Amino acid sequence: MKLLQFQRLLTQQKIDLAFFNYTDPAVPYFIGREFTGGYFLITPRKAILLISPLDHKPQKKGITVHYLAKGWSKKYGSKQFKSVGINKSNLTVENLDRVRKIFPKAKIKDISSSLEQLRLEKVPPEILMIKRACDLTTAAFDALIRELPHRKLKTEQDVALFLETHIRKNGGTIAFPTIVAAGRNAAIPHHITSITPLRRGVLLLDFGARINSYCADMSRTILLGKPTHEEEEMYRLLAGSQQASLEAVEEGIFLSELDRIARQKLGKYASTFNHALGHGIGIEVHEGPSFSDPKATVTKNIPFTIEPGIYFPSKFGIRIEDTIVWNGKKLEVLTKATKRLTVSPF
Ligand SMILES: [Mn+2]
């Protein structure tokens, strides 16, 4: 994506070469697939992928592929680059030392913010991947709702494994470690899925598929067995808050305004909503735009999530999250699983 645009950017910023380790999200971003080892070098005129001979050799227009061979660093280091760009938010200190060694005369410039800026707005193939990841996520949720009444899934891990198996069997991988939180575990927004047995009460799911590097992110909270009055009431309150912020989405509205709307709807329970309303999403589950950036607005083709939550320590928690995108005319909710209170017999 946008390789030529990035190369123009390098020219403007007088950077002779940008150096990326294979773990950098910029690599799948520019190449369209992930790698298990190597480096990616971009100059204003060339893009060179240095990969391990163990890796699949990609064929992509505009990208030259070489196998990592002894002496590669000398070959590039000898070219007297004056200015080398790095992505500070990904490069390890070890790799920074390597860059300094290869290009001893070059000035090192951090290009992380230009990269983040470039990746904000998605091009149509990227939106398509995110949509496919969201469809796969929704399908896994639907399958779980059909499976739960059989009572074969006994623990949080069983549920996580079921969702992840469904995603993998249908051609995806997972975007991040699946969160399954039963009962009072759901009061911890970043609960680590455990072998806690499923019990009557809320079951919070926060998970997503990944297709060709692109992520989906969705949370649903369902009820196992008959909900208490409080659980039901809090569910409606939270669902109303999520709905209100979704309905407010339009071109140019500040993300901070969406956050305000969601919190206002929660009334006195807003104090338990202890995280951001959402985040940008793409090759990384969490990427720009940031809800804490007071200038960030809803913009065409910049996907993000909306995920209010309320949490009652040692009791339960509820979170509902969708991956969405404003397409220039209307809001598209990409994670389509039902948000009506789902009660599964228990
Ligand atoms: Mn999220």
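Colleague: How do I read burial along a helix; which residues of α6 are buried?

Modeller: Count neighbours: a residue is buried if 20 or more other C-beta atoms lie within 10 Å of its own. For α6 in this predicted model, the buried residues are Glu-126, Ile-127, Met-129, Ile-130, Ala-133, Cys-134, Leu-136, Thr-137, Ala-140, Phe-141 and Leu-144.

Colleague: What covers the buried residues of α6?

Modeller: Look for the elements in contact with them. Here the cover includes helix α7 (156-169) and a set of strands, β9 (201-207), β10 (209-211), β11 (214-215), β12 (218-224) and β18 (322-326).

Colleague: And how do I check the length of α6? How far apart are its end C-alpha atoms?

Modeller: Compare the expected span with what the model has. Helix α6 runs over residues 124-147, and at 1.5 Å a residue its 24 residues should span 34 Å; the end C-alpha atoms are 35 Å apart, which agrees.

Colleague: On to the sheet. In what order do the strands come?

Modeller: Follow the pairing from one edge to the other. The order is β4-β3-β2-β1-β5-β6, an open sheet of six strands with mixed pairing. At the edges sit β4 (64-67) and β6 (107-110), each pairing on one side only. From one strand to the next, the twist averages 25°.

Colleague: Which helix packs on the sheet?

Modeller: That's α4 (residues 93-102), touching β1 (17-21), β5 (83-86) and β6. Its direction makes about 165° with that of β5.

Colleague: Why is β1 described as largely enclosed?

Modeller: Check its residues one by one. Five of the five are buried, so β1 is largely enclosed by the rest of the structure. Leu-17, Phe-19 and Asn-21 lie on one side, Ala-18 and Phe-20 on the other, and both faces are covered.

Colleague: In what sense does β1 pair with β5, and with β2?

Modeller: Take each partner in turn. With β5 the pairing is parallel over three bridges, and Phe-19 stands opposite Ile-86 there. With β2 (residues 38-42) the pairing is antiparallel over four bridges, and Phe-19 stands opposite Leu-41.

Colleague: Finally, where do the domains lie along the chain?

Modeller: The domain assignment gives domain 1 as 3-119 and domain 2 as 124-344. Their centres, taken over C-alpha atoms, are separated by 35 Å. To read the junction, count contacts: seven residues of domain 1 touch seven residues of domain 2. On the domain 1 side, α2 (26-31) and α5 (112-120) each supply at least two residues. That side divides into three nonpolar, one polar and three charged residues.

How values were computed: Residues are numbered from 1 along each chain as its sequence is written. This is a predicted model: local features need pLDDT of at least 70, side-chain atom pairs count only at pLDDT 80 or more; totals for chains, interfaces and linings use all residues. Domain bounds come from an automatic or database domain assignment. Two residues are in contact if their C-beta atoms, placed from the backbone, lie within 7 Å. Ala, Val, Leu, Ile, Met, Phe, Trp, Tyr, Cys and Pro count as nonpolar, Asp, Glu, Lys and Arg as charged, and the others, Gly among them, as polar. Two strands pair if DSSP finds at least two bridges between them. Axes are lines fitted to C-alpha atoms, for helices over the stretch in contact, and angles run from 0 to 180 degrees between N-to-C directions. The expected span of a helix is 1.5 Å times one less than its number of residues. A residue is buried if 20 or more other C-beta atoms lie within 10 Å of its own, exposed if 12 or fewer, and partly exposed in between; C-beta atoms are placed from the backbone.
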